[in-house]
Amino acid sequence: MVSLSIRGAATWLALTSVVAGLGQERIVSINATAGAFQIAGGPVSKGQILVSDDDYWGVIRAAGDLALDFGRVTGINYTLSNGKTSSSPAKYAYRPVNNMNNTFYTTTGSANFSGPAFSDPSPSDVVIIAGTIGHSTIIDSLIASGKIDVSATKGKWESFTSQLVENPVNGTAKALVIAGSDPRGSIYGIYDISEQIGVSPWYFWTDTPPKLSKNHYVILNKKVQGPPSVKYRGFFLNDEQPALTNWVATHWPDTPYGAGYGVEFHKLIFEVLLRLRANYFWPTLWASMFEVDDPGNQPLADAYEIVLGTSHTEPLMRAQNEFGKFYQGPWAYNLNNKTIDDYFRFGIQRAKPYARNSLWTVGMRGTGDTAIEGLGVEHIVTMLQTLVKNQRQLMAEGLGVSDITTVPQAWCLYKEVMSYLDHGLEVPDDVTLLWADDNWGNVRRLPLISEKNRHGGAGVYYHFDYVGDVRDYKWINTIQLSKTAEQMHMAYSRGADRIWIVNVGDMKALELPINHFFDLAYDTKRWGVDSTAEWTRLWATREFAPAFAAEISEVVQTYSMYASRRKFELVEPYVYSVINYNEGEAVLKQWSDLVAAAQAIYDKLPAALQPAFFQTVLHPTLAGDIVHRVNIGGAKQNLYAGQKRNSANDMINYVLSVSDEDAALTERWDALLGGKWKHFMDQTHLGYDGYWQQPMRNTLPSMIHVQTKFPSLAGHVGIGVEGSNATVQGDDKYHGNSNNNLAVPSIDPYSPPRYFEIFSRGTKECEWEATPWQPWIKLSQYKGTVGAKGSDTRVFVSVDWAAAPPAPYSSTININVTTPCRGLDRYGFRLPMVQVPVINRGVPSTFTRGYVESDGYVSIPGPSYQSLVPASNPATNASYHTFANYGRTGSAVGLIPQNLEKLSVETAPALEYNLYLFTNHSAANVSLYLSPVLNYLGDSIPIEYAIALYPSDSTPPAPTLVRPVGPTTQGGNMPEGWGQSVADSVWGRVGSYTKSSFRVPKEGAYTLRVWALMPGIIVQKVVVDMGGVRTSFFGPPESFLVGRDVKGEFKRLSYREEVGTLGVGGK
């Protein structure tokens, strides 16, 4: 039993009273119901679990875990019996490979893994019987006697039946019988009980404490869990340096070849995979060799019933590093095929004893996970087809099989390999096509109709971690769960359901998206494309407590969006604007609010739950906040230094203090639980400067010190305005020489207030006063002080429209800003003025619903359309769906069902947005902010949408067809603009990829129609640029909506105030 010391145990028990598997049909409860069978507490003083000694070793081992799990939740370990007295533990015997000679296959005698200890039979204590159909004498006897019905389970993949049975064996009045269709079916049935009695799959990896309860009841007579949605579900430990390798190296002795990636480490990995209902594993790659480092590794996977594979770049069960370390000659099949064939033969020989749990990677890439070089594409295709033909022949010979199609194989079509299909590469029909994403969570290719009936099926290699272009991301969780759900559901809907494998880097810090990914794969129908909110709530219920689940779910979903819209490694000072649309401040406020919410939850959690919450929720939230404060602080510092503000130096000190916070947070992590997880935060994460690779040490952005001993030549007081780097009085490169006036963006009844800032550039404390030339220009502050006792001041400018001249009216109103701190600067510079362009105008009463142009643009959240236009010639059930908590700020809209083939303008419905435009312009540029997408049906069926903008009182014109994405599968190259799109998490923020130009011949009402022609077109935002859009990350904030917003009272300063923006507490 694992002992648990907790503070406030009574309170904690009350808070955690609801226990169930995440999303699984409940069969166990801590509360009795009519007819319930008690398996813990009451008359059960010390329960026993019964297995058959002829069952699989992995099933017996899992049953032993369940016995311990009862101890974790009740305080009393259960016993495990095979029905015989004085039994020794079950043994899994194997012959270790000789890892000192890795070119000639030999073994070094015999070894075994010992299972859990057996106790003598105690039939009256038996509460659970577990076993595998056809491999358990006990289970087969119950089937033969008719006491259990496994007709819904037998012969199916990884399925189980859990059923209450009267008198299952002599001396046992009643027991819960778990009958698995195969060993993993039995194991999942066993761990289903573990999870439902209150043991999280992550009890070791995130330190989630068990839900303590003496009493547990079986409340369902029978449960049948059918085959998983996806056959093979696993993860790839990769990019494991520095964090995972450093942690492993400090916990286990080195192997003869490197860090201690041996049996003891992999036991922890395999157990959590099985508890998460996964079954497939790709081992670490960088500086390890799974089968060589520890001769027990490969048999351990088989013993645990884990299906072993190798990564996309490691064919036939050989680690990438083995060839360079143990073989001569180049890794080039056209030059060194005899040696490489021998290399493959050895891998097959070594894996043969474990072939039942093997999935073979075929194919080949170049040295070090790169493209094959030195050959033309046609020669590469010919070589690869010869290679794979030979690989399959070698497997057939080495495994002793007459039909190679019975051996599970996959060819990972990673990067340039995918393009070879377009050049004639033929993949054997029984080999699974393992399509890869773009390393950034966007599927590159999915099965076509013609590919859906392949015997080998299709799968997806996905990424939660990556090293490469555009930028490494391997520090902590930056995955948007709703994006994962959308992409994987699209993959599943198109038949990619044979393999789902995800690159998880170090695994630690990615526990939450891993759990989500595996749940989607295990039961795709249960976890629909819109299930993220429910999933996070149930995850929080299981990991923490129902009382906190709703709050934790909100924080997790919000973090998921904030962290994914720009991965932390890509956050640099230039990213978020500190002069336009209040963007930088809005980002910081969102993170600040999120930290406050997470910290508030942490503070009221029982102490036992705090370590798990810190690891999975609070730490990443604090870390994300720090990254943004460092980089936006650096951007502000550069702005202030350019304006010669005294506060530029204060900002240097602030950023330095935040850097100290970052170091302290890592130290806090390293000290957690006595240093259990020290080194998992060794990854650098500050100091990326445009280069893709990790910085070798955390560093801060460049900042500029201002000498403050003497005042500015232009005086002690400076003024800056929204939308500009310039400052007055004085000269700089951002405005004309000797021009002492700066203008804020225009104000009209449909715009928010504007602002200017007053700040110290000198050595004195100075009073200032701002005086508008018109009384209906209102300021948030008219007087103040800057300097020693005063601070930089932001003054908001608004208009009292009731007192302003009536529409139509347009003029520029000046604001004098004066100070008595005039010295010799008065001879060189006039007093400055802030200028306010004011436009009073309105839309006609006939325009009752739609968005209004202001400040030279219209900005619309994608799902905020005014109407849906049915297809003129509907041929499908296509409709539009709003994806909640998706994208960069709130939600997005796209077509469903996700398995739709490409539509035409005639067969697709359209989104319709109503606009009122004031500017007569020859080119209204309409940009769609689309979620990153590629030509997932191949370059011959490119991603496409149609768009039209026209006066509402005119006949709709033929729409413009737009193909925003260039060729996706040509070589290893990604389409033009792809790097920026994945960095920004949208197509359309920069470039002309989603930009269409339309004439606007007159002021008036306009209609914008958008036809998504494929489900991959998901619209996050629509921006109509009439010449006023300024540079920013999120684009201009949502415009005024007639029918919702109040004219003259519009105060939406940033994207953060948009209706529907995701944030804790609603914002």
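In this predicted model, helix α16, which spans residues 546-564, and helix α17, which spans residues 583-604, have axes that come within 10 Å and cross at roughly 150°. Because angles over 145 degrees count as roughly antiparallel, α16 is described as roughly antiparallel to α17. The crossing in which α16 passes α17 is left-handed. On the side of α16, the contact is formed by Phe548, Glu551, Ile552, Val555, Thr558, Tyr559, Tyr562 and Ala563, and these residues are met on α17 by Gln590, Trp591, Leu594, Ala597, Ala598, Ile601 and Lys604. When the residues of this contact between α16 and α17 are sorted by class, 11 are nonpolar, two are polar and two are charged.

A second helix pair is formed by α10, covering residues 333-351, and α11, covering residues 377-399, whose axes lie 10 Å apart and whose packing angle is about 25°. Since angles under 35 degrees count as roughly parallel, α10 is roughly parallel to α11. The crossing of α10 and α11 is right-handed. From α10, the residues Tyr333, Asn334, Asp341, Phe344, Arg345 and Ile348 take part, and they meet Met383, Leu387, Asn390, Gln391, Leu394, Met395, Gly398 and Leu399 of α11. The contact of α10 with α11 comprises eight nonpolar, four polar and two charged residues.

Turning to the strands, five of them make up an open sheet with mixed pairing, arranged in the order β21-β28-β27-β23-β25. Its edges are occupied by β21, at residues 741-743, and by β25, at residues 783-786, each of which pairs on one side only. From one strand of this sheet to the next, the twist averages 25°. The edge strand β21 pairs in the parallel sense with β28, which covers residues 833-840, over three bridges, and within this pairing Asn741 has Met833 of β28 as its bridge partner.

Another open sheet consists of three strands in the order β1-β10-β2, and its pairing is antiparallel. The edge strands here are β1, at residues 28-29, and β2, at residues 37-40, and each of them pairs on one side only. Strand β1 is joined by two bridges to β10, which covers residues 216-218, and β1 and β10 run antiparallel. In this pairing Val28 stands opposite Val218 of β10.

Several backbone features are found in loops. The peptide bond that joins Val728 and Gln729 is cis, with omega at about 0°, and Gln729 is placed in the loop between β20, at residues 717-721, and β21, the latter being an edge strand of the five-stranded open sheet. A cis peptide bond also leads from Ile896 to Pro897, where omega is near -5°; Pro897 is located in the loop between β33, at residues 890-896, and β34, at residues 910-917. Asp207 has a positive phi of about 60°, although this residue is not a glycine. The loop that contains Asp207 runs between α4, at residues 183-197, and β10, and β10 is in turn a strand of the three-stranded sheet.

As for the confidence of the prediction, the pLDDT of the protein chain averages 95, and 98% of the residues score at least 70. Over residues 1-18, however, the pLDDT is below 50, and this stretch has 36 contacts in the model beyond near neighbours in sequence.

Notes
Residues numbered from 1 in each chain as written. Predicted model: local features only at pLDDT ≥ 70, side-chain atom pairs only at ≥ 80, totals over all residues. Heavy atoms only, no water. Axes fitted to C-alpha atoms, helices over the stretch in contact; angles between N-to-C directions. Helix = DSSP H or I, 4+ residues; strand = E, 2+ residues; numbered from the N terminus. Parallel < 35°, antiparallel > 145°, perpendicular 65-115°, else oblique. Left-handed = near helix turned anticlockwise from the far one by under 90°. Contact = heavy atoms within 4.5 Å. Nonpolar A, V, L, I, M, F, W, Y, C, P; charged D, E, K, R; others polar. Pairing = 2+ DSSP bridges. pLDDT = per-residue confidence, 0-100.
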